[in-house]
Amino acid sequence: MSQFDYIKEIAKYGLENDQEQLLEVLNKLIEHSRQTKKTNFALQLQSILKEGLRSQQSKGLTKVGSKKYFLREDDREINELIIEKLTSDYTFENLVCSEEIHEELRYFVKEHQGIDILKKFDLPVSNRILFYGPSGCGKTLASYVLAGELDKMMYVINLGAIVSSKLGETSKNLAKIFRRASGEDCIIFLDEFDSLGKVRDYSQDHGEMKRVVNTILQLFDYLPQDSIVIAATNQLQMLDDALLRRFDLKVNLDLPNKQQLSELIDKTISKTPFKFKTKKELNEIIKLSDGLSYYLVQKAILTAIKRTLFDSPTKKEEYYINTGILKTLLLKEKEAETK
Ligand SMILES: Nc1ncnc2c1ncn2[C@@H]1O[C@H](COP(=O)(O)OP(=O)(O)OP(=O)(O)O)[C@@H](O)[C@H]1O
Ligand SMILES: [Mg+2]
């Protein structure tokens with residue numbers, strides 16, 4: 001059957017309210033999408049399906065305190081904590097980093113692709129990874145790359161929001177998220193992981209925060225082998241040693257060196273018809289970008305390209321980036337950074 005045939009059947013059974021057949025076709029379409037390598041679509045559809053089933057179970061008139069009531073409350077609370085559910089098309093190609101880090105990440109992906117072999121030999125699977133380093137150097141990007149390479153859905157959880165809003169509920173809610181994610185074979189991405197450390201400063205919350213950290217430690221310790229947790233922080237020093245020790249892999253995504261800047265610039269402009277007029281100009285830009293994050297350099301280049309285009313919009317054979325504009329932008333960023 002083609003994708004269109006499935007859609008026709010879905011429309012038919014949906015309109016006829018034939019739940020049983022509808023579920024069957026949806027499951028077939030998920031399988032079909034997997035086989036035809038539309039993995040992200042398959043993942044999204046599966047998530048919609050699971051969520052639909054869950055919300056159906058909790059629909060209708062609900063008695064306070066009944067099982068249905070708690071299911072609905074659970075769903076509401078979990079959804080508040082997950083800021084995004086996403087699939088990703090990013091691959092290793094998108095991430096500029098050192099060869100060593102590339103290799104570490106490739107092995108991490110391989111472990112999960114070959115998880116059955118590891119289990120057969122009773123070997124532990126690395127499934128807890130921490131990205132740390134300054135802002136704009138690829139922590140979020142690297143986690144998207146892992147989700148893309150592993151073809152898994154990712155739950156993005158903002159610990160900052162959780163910790164600041166409902167501290168009292170945090171332990172309970174985190175446990176729920178972990179349970180849900182492992183049931184759905186998702187990656188859990190804990191952004192702003194340092195929020196766990198920060199709250200220790202507010203003395204009145206001390207006891208509560210300890211509980212949250214202990215919960216995380218336990219959740220990490222009992223994490224099923226095929227679940228994956230990725231955490232990111234730009235303040236490593238805020239984190240407890242006990243927490244740090246739990247990670248199988250700690251990856252430092254730092255400011256780019258010259259070689260990495262050159263690669264980033266290459267990747268950024270290769271998506272446009274623009275280039276640098278001379279190698280010397282390019283080298284000057286690389287030198288000037290030293291000390292800035294990947295994000296800031298990329299932003300300056302794209303802004304310079306747009307401005308070059310507006311200043312001389314006539315179509316030419318070749319487009320050269322106005323390096324005067326770019327240099328000014330980079331200098332401004334540097335100035336802002338040192339303030
Ligand atoms: N190592 C990198 N390779 C390629 N592009 C990068 C890299 N780091 C950052 N970028 C670019 O900058 C954007 C922002 O980076 P990202 O969100 O991953 O930073 P971050 O480390 O998570 O920062 P923050 O600490 O502020 O959350 C990316 O979407 C990408 O376009
Ligand atoms: Mg980030």
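A residue is counted as near a molecule if its C-beta atom, placed from the backbone, lies within 6 Å of it. In this predicted model, 15 residues surround ligand 1, and the closest are Ser135, Gly138, Thr140, Leu141 and Tyr294. Two or more residues of this shell come from each of the elements α7 (139–150) and α15.

The residue classes of the ligand shell and of the contact between α14 and α16 are set out below.

| Set of residues | Nonpolar | Polar | Charged |
|---|---|---|---|
| Shell around ligand 1 | 8 residues | 6 residues | 1 residue |
| Contact of α14 with α16 | 4 residues | 2 residues | 2 residues |

The second row concerns helix α14 (residues 279–289) and helix α16 (residues 323–338), whose axes come within 10 Å and cross at roughly 10 degrees. Angles under 35 degrees count as roughly parallel, and α14 and α16 are therefore roughly parallel to each other. On the α14 side the contact is made by Glu281, Ile285, Leu288 and Ser289, while α16 contributes Thr323, Leu326, Lys327 and Leu330.

In soluble globular proteins, nonpolar side chains tend to be buried together. Here the largest nonpolar core holds 68 residues, of which Phe131, Ile187, Ile188 and Ile230 touch the most other members. Helix α15 (residues 294–311) gives the most to this core, with 7 residues, and α15 is also one of the elements that give two or more residues to the shell around ligand 1.

Phe131 can be followed in more detail: leaving aside residues up to four places away in sequence, Phe131 touches Lys139, Ala142, Ser143, Ile230, Ala232, Val251 and Leu253.

Technical notes. Residues are numbered from 1 along each chain as its sequence is written. Chains are lettered from A and ligands numbered from 1 in the order in which they are written. This is a predicted model: local features need pLDDT of at least 70, side-chain atom pairs count only at pLDDT 80 or more; totals for chains, interfaces and linings use all residues. A nonpolar core is a set of buried Ala, Val, Leu, Ile, Met, Phe, Trp, Tyr and Cys residues joined through C-beta atoms within 7 Å. A residue is buried if 20 or more other C-beta atoms lie within 10 Å of its own, exposed if 12 or fewer, and partly exposed in between; C-beta atoms are placed from the backbone. Helices (H or I, at least four residues) and strands (E, at least two) are DSSP runs, numbered from the N terminus. Two residues are in contact if their C-beta atoms, placed from the backbone, lie within 7 Å. Axes are lines fitted to C-alpha atoms, for helices over the stretch in contact, and angles run from 0 to 180 degrees between N-to-C directions. Angles under 35 degrees count as roughly parallel, over 145 as roughly antiparallel, 65 to 115 as roughly perpendicular and the rest as oblique. Ala, Val, Leu, Ile, Met, Phe, Trp, Tyr, Cys and Pro count as nonpolar, Asp, Glu, Lys and Arg as charged, and the others, Gly among them, as polar.
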